Structure formats: structure tokens, C-alpha cells
Amino acid sequence: MVSIRAKFNAIYRRQGKIAVGKIVSSVVLFLLMAFVTVVVLYPMLFVVSTSFKTYAEFIKDPFGFSLAHPQNYARAWVEGHFSTYFFNSVLVTGLTVVSKVVMSGIVAYCIGVLQFRGHKAVMAVMLSTMFFTGEITGIPTFLMMRELGTLDSIWALLLPGILSPAGLGALLGVGYVKKIPKELHEAALIDGAGVFFSIFWHIDFRLMLPMLTLVAIQTFTASWSDFFWPLITITTNDAARTLPLGLINFQSQNNAEYGVLSAGLVILTVPVVALYAGLSKYFIEGVAAGAVKG
């Protein structure tokens with residue numbers, strides 16, 4: 001009886017130590033994550049707060065929180081021509097995203113399902129484009145746009161974005177479509193569905209939506225925040241500037257308008273944050289699904 005009671009007490013103490021250890025580790029992890037969250041979010045909160053201040057208020061209390069002057073957003077939208085810059089960014093980014101999504105779906109279907117002759121070489125070429133950054137391809141693309149006479153116009157931003165290869169979509173899409181059961185394609189063919197349009201659009205494209213959402217998010221972020229390419233192609237035409245370039249141009253003319261500049265930064269940042277917040281589920285699903293080859 002004594003030995004049994006001793007063993008019971010030993011087990012109880014051991015379990016108590018394990019429970020205390022779990023509680024301590026959970027508290028430490030919570031505090032660490034809270035600290036990281038504050039460090040990450042504070043710059044954003046600082047910019048949002050500054051966007052509601054005048055120059056005098058910012059100089060007097062730069063770190064204080066204020067919502068006193070929402071008219072800074074109206075000034076940025078009207079006086080800073082952010083309405084034009086915003087429309088240009090939406091146009092360029094929207095068409096680029098649609099182009100990349102459709103192109104990624106078609107490339108993935110042709111290489112992963114149809115597997116035409118030479119599809120491996122095409123896949124290798126598509127993947128090789130991922131190793132060439134905008135700085136590398138900038139000069140030949142710039143010369144091409146100059147020959148086409150599109151410099152200093154919105155077409156200089158649209159054409160490279162729409163026609164650039166979808167390397168990421170090919171990489172993720174081919175692995176994704178190979179997991180689609182072939183029985184679906186065979187059943188569709190028996191029912192008289194066309195090889196390309198019907199099967200691709202009504203079956204594969206819809207099943208690829210999680211992966212294509214990931215491509216859309218990545219393309220949106222890159223295109224929306226792109227500064228290098230608009231900088232070298234849009235020089236004097238203010239009506240063709242996008243938000244990042246327009247913000248820098250406005251800053252050079254109104255360097256002391258911290259409130260209005262911060263309002264412009266918020267206008268530039270909110271769509272990206274809203275996109276990631278709303279589609280984070282699909283972002284994770286797209287990474288997990290497209291990265292596994294069936």
C-alpha cells in the first residue's frame with residue numbers, strides 16, 4: 001500500500017511539474033508574440049496617427065495619437081492628385097493580375113494536363129524567367145517601349161505587366177493540376193466536353209482557384225508597390241503616374257506636409273493590408289496545395 005501511494009504521489013508531482021512547465025512556456029510565448037506584434041504594428045499606427053495631424057501638432061507631439069484632422073485625406077486625394085494616381089494603380093494592377101491569373105491557368109493546364117511535345121522545354125523556359133529581376137530586364141524592356149513609342153504613357157506600365165511571363169503560376173500550377181483526378185477529364189470527354197475550353201474552364205480552372213488566388217495576391221503586391229519601372233518610364237506625364245511614384249513626387253514638392261504625406265501612405269497601404277487580411281486563408285491554401293506534386 002505504501003509503495004502504491006508513493007508511486008501515485010510521484011506521478012502526481014511529475015504531472016504537476018509538466019502542467020506548470022506548460023503554463024510558463026505558454027505565458028512566455030504569449031509575451032514574446034505580444035512584443036513582436038507591437039513592434040510590427042507600431043510603425044503602421046504611427047503613420048495612421050500622423051495622417052490626422054497638422055505640421056505644428058506633429059512637431060509638438062510626434063508620438064501622440066490623434067484623429068483631429070481627417071481633412072488631410074481630402075487634401076491628399078485632391079491637391080496631391082492621389083485620385084488620379086489611385087485610378088492608374090488600380091488599372092495597371094487589375095489588368096496585370098487578371099493577365100497573370102489567366103496565363104498561369106492556361107500554362108499549368110497545357111503543361112500539366114495536355115503535355116504537348118516539348119512541354120518540358122517550355123516549362124524550363126518559364127521557370128528560368130523567375131531568376132531575372134526587373135533590374136535585369138529593365139533595359140531591354142525600356143528600349144522596346146521606346147521603339148513602340150509608349151514611354152511616358154500608361155501603356156508603358158500596362159504592356160510589360162500584362163505580357164510578362166507567369167513563372168510562379170507555372171511552378172505552382174503544374175504541380176497542382178497533376179493532382180486533379182484524370183477520371184474527371186475522361187468523364188467530361190465522354191459527355192462531349194471540349195479538350196480545351198470546356199474541360200479547362202469548367203473543371204481545371206475552377207479547381208485551381210486556391211493556387212490562382214496565391215498568384216493573384218503575389219502579383220497584386222508586386223504591381224501595386226512597384227516603383228522602379230514607373231520611375232524610369234514616366235518622367236513628365238503626371239496623369240500616368242501610379243501611387244508610389246506620385247507619392248514620391250508629392251513629397252518632393254511638399255516635404256513638410258507630414259500629415260498629408262502620411263495620408264498618402266495610408267491610401268497606398270490599405271489595399272494591400274485588406275487583401276492579405278481577406279484572402280489569407282486562400283494564400284495559405286495556395287502555398288500548401290501548389291507546392292505538392294501529385
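**Exercise 1.** Which helix does T96 lie in? Then work out whether T96 is buried or exposed, and find what surrounds this residue.

*Solution.* We're working with a predicted model here. Start with the location: T96 is part of helix α4, which covers residues 82–114. Next comes accessibility. The cut-off for buried is under 20% relative accessible area, and T96 has 6% relative accessibility, so T96 counts as buried. Now follow the side chain of T96: it reaches the backbone oxygen of V92 at 2.7 Å. Finally, set aside neighbours within four places in sequence, and you'll find T96 in contact with G161, I162, T219 and S223.

**Exercise 2.** Describe how helix α5 meets helix α8.

*Solution.* Take the geometry to begin with. The axes of α5 (residues 119–128) and α8 (residues 167–177) come within 7 Å and cross at roughly 130°. That angle makes α5 oblique to α8, and their crossing is left-handed. Then look at who touches whom: α5 brings M123, M126 and L127, while α8 brings G167, A170, L171 and V174. Sort these contact residues and you get six nonpolar, one polar and no charged.

**Exercise 3.** Do the same for helices α9 and α10: at what angle do they pack, and which residues meet?

*Solution.* Helix α9 (residues 182–190) packs against helix α10 (residues 197–207) at about 160°, with the axes 11 Å apart. An angle over 145 degrees counts as roughly antiparallel, so that's the label for α9 relative to α10. Their crossing is right-handed. On the α9 side you have L184, H185, A188 and L189, which meet I199, I203, D204 and L207 of α10. The tally for this contact is six nonpolar, one polar and one charged.

Technical notes
Residues numbered from 1 in each chain as written. Predicted model: local features only at pLDDT ≥ 70, side-chain atom pairs only at ≥ 80, totals over all residues. Heavy atoms only, no water. Axes fitted to C-alpha atoms, helices over the stretch in contact; angles between N-to-C directions. Helix = DSSP H or I, 4+ residues; strand = E, 2+ residues; numbered from the N terminus. Parallel < 35°, antiparallel > 145°, perpendicular 65-115°, else oblique. Left-handed = near helix turned anticlockwise from the far one by under 90°. Contact = heavy atoms within 4.5 Å. Nonpolar A, V, L, I, M, F, W, Y, C, P; charged D, E, K, R; others polar. Buried < 20%, exposed > 50% of the residue type's maximum accessible area, 1.4 Å probe, protein only. Polar contact = N/O pair within 3.5 Å; in protein donor to acceptor, adjacent residues only side chain to side chain.
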